[in-house]
Amino acid sequence: MRRRLKKSLFVAILAVLVLIPVISLEALKVSTAAERHKIAKADVEEMLKSLSNWGRWGKEDQRGALNLITSEERTQAAALVKSGVSVSLSHNAITERIGNSAPFEHHMVQTGVMAETDSATDIYSVQYHGFTQTHLDALCHLFYGGQMYNGFSRQDVTDKGAATLSVINIKTGIFTRGILMDFPRLFGTKYLKGDQAIYPEDLDAWEKKTGLKVQSGDAVFIRTGRWARRQAEGEWDMRTGSAGLHVSCMPWFKKRDISVLASDLVSDVMPSGVDGFRMPVHLVTIYAMGVPILDNCDLEAISEYSDAHRRCDFLLTLAPLAVEGGTGSPVNPIATF
């Protein structure tokens, strides 16, 4: 019996000793990447200038990087449709409060159990900005230094809505090539844990693995596995422990001239790791580059389809509500393969 206990104890100790270098190596990799891409407030302020698209399409431009979606880009995107299978990239409306995000409210006005009515009617109410509902951020959504994208004044946004850069500029919708960058599959995990950051070398690794190159006019969808994590772990404080892009990735996206940035949370890793900027990816993307953002997409179904059919690119179609002065809109993006 003693020999068996000694043997079992020896095996257990040996297993721990074997695992320690592996754990330490992974921790070292994360630490090294964080140190290599350490960004200060001044660096982000420089990005706001060096990555700017202000004036690129004229000083009165209000469409920003959507100008990159040319007729040729749309034609090429349409040619991606082979099987005709469509996948929604929107999460169902969330009707309970999550953190500080208001729930989607659905009230019935007339129903089938009311004898005096001959139709059903209802009311939707949603405060869509936040961490729950799938939505689009228009270019008037963020301010910095008293301005918005292309130098428009933040004073253009009043209690009557946004006089410039509102979502009405996207009334004709978005029709372009969509790209799914699936980082849990790249890293061999179900979802990215904690506040794991995605760095430029990870973007390069994804391109190398898939053989696809992100190109001008593309809409890029970043999957962290947020909804898979929610199912496995429940809710968490999203502001202090969420995976996403590190702001050092922004020159990479500017070089490729993307038209839309989307993710299954809010694109930014949180916390950002940059003193003075809570969501620097959002700021550089919208304010400097003029790229609209899609938040809280549900990329679980497309992840499964993409993996099964070895397809990471697709035709993306979406259109916001036509609201004059709106700072964005709930949306249901559709990927068609």
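Start by selecting Asn150, in the loop between β4 and β5 (157–158). Is Asn150 buried or exposed? With a relative accessibility of 10%, Asn150 counts as buried, because the cut-off for that word is under 20%. Keep in mind as you look around that this is a predicted model. Now check the backbone: the phi of Asn150 is positive, about 65°, although Asn150 is not a glycine. That deserves a second look, because most residues other than glycine have a negative phi.

**A second positive phi: Leu165**

Next, select Leu165, which sits in the loop between β6 (161–162) and β7. Leu165 is another residue other than glycine with a positive phi, here near 60°. Its relative accessible area is 1%, so Leu165 is buried.

**Ala162 and a long-range neighbour**

Step back to strand β6 and pick Ala162. This residue counts as buried too, at 7% relative accessibility. Which residues does Ala162 touch, leaving out those up to four places away in sequence? Show Cys140, Asp156, Val157 and Gly325, and you have the set. Gly325 is the one to draw a distance to: 163 residues separate Ala162 from Gly325 along the chain, yet their C-alpha atoms are 4.1 Å apart.

**Strand β9 and its two partners**

Now colour strand β9, residues 219–223. How many of its five residues are buried? The count is five of five, so β9 is mostly covered. Turn the strand and compare the side chains: Ala219, Phe221 and Arg223 point one way, Val220 and Ile222 point the other way, and all are buried.

Add strand β7 (residues 174–182), which pairs with β9 in the parallel sense over five bridges. To find the register, label Ile179 and its bridge partner in β9, Val220. Then add strand β11 (residues 260–263), which runs parallel to β9 and is joined to it by four bridges. Here the pair to label is Ala219 and Val260, which stand opposite each other.

**Helices α6 and α9**

Leave β9 on display and bring in helix α6 (residues 226–233), whose buried residues are Arg226, Trp227, Ala228 and Arg229. What do the buried residues of α6 pack against? You will find them against β9 and α9. Follow α6 to its end and you reach Gly234, which has a positive phi near 80°.

Helix α9 covers residues 300–309, and its buried residues are Glu300, Ile302, Ser303, Tyr305 and Ser306. Just after α9 comes Arg310, with a positive phi of about 55°.

**Into the nonpolar core**

Select Met181, Phe221, Phe253 and Val284: these residues have the most contacts inside the largest nonpolar core, which has 72 residues. Helix α8 (residues 280–288) is the element that gives the most to this core, contributing six residues. Apart from the largest core lies another one, of ten residues, with Phe131, Trp236, Leu265 and Met279 among them.

Zoom in on Phe253 and show its contacts. Not counting residues up to four places away in sequence, Phe253 touches Leu203, Val220, Ile222, Leu245, Ile258, Leu261 and Met289. Val220 and Ile222 should look familiar, as they share a direction on β9.

**The second largest pocket**

Switch on a pocket surface. The second largest pocket has a volume of about 420 Å³. Which of its lining residues lie nearest its centre? Select His141, Leu142, Arg278, Met279 and His282 from a lining of 23 residues. By class, that lining has nine nonpolar, nine polar and five charged residues. Two elements give two or more residues to the lining, β4 (135–137) and α8. The largest share, three residues, comes from α8.

**Last stop: a cis peptide bond**

Finish in the loop between β11 and α8, where Pro271 lies. Select Met270 along with Pro271 and read off the omega of the bond that joins them: it is near 5°, and the bond is cis. Most peptide bonds are trans.

Notes
Residues numbered from 1 in each chain as written. Predicted model: local features only at pLDDT ≥ 70, side-chain atom pairs only at ≥ 80, totals over all residues. Heavy atoms only, no water. Core = buried A, V, L, I, M, F, W, Y, C linked by side-chain atoms within 4.5 Å. Buried < 20%, exposed > 50% of the residue type's maximum accessible area, 1.4 Å probe, protein only. Contact = heavy atoms within 4.5 Å. 1 Å grid on protein atoms, 1.4 Å probe; cavity = no way out; pocket = protein on both sides within 12 Å on 5 of 7 lines; lining within 4 Å. Points joined across faces, edges and corners; volume = space filled by probe spheres on them. Nonpolar A, V, L, I, M, F, W, Y, C, P; charged D, E, K, R; others polar. Pairing = 2+ DSSP bridges.
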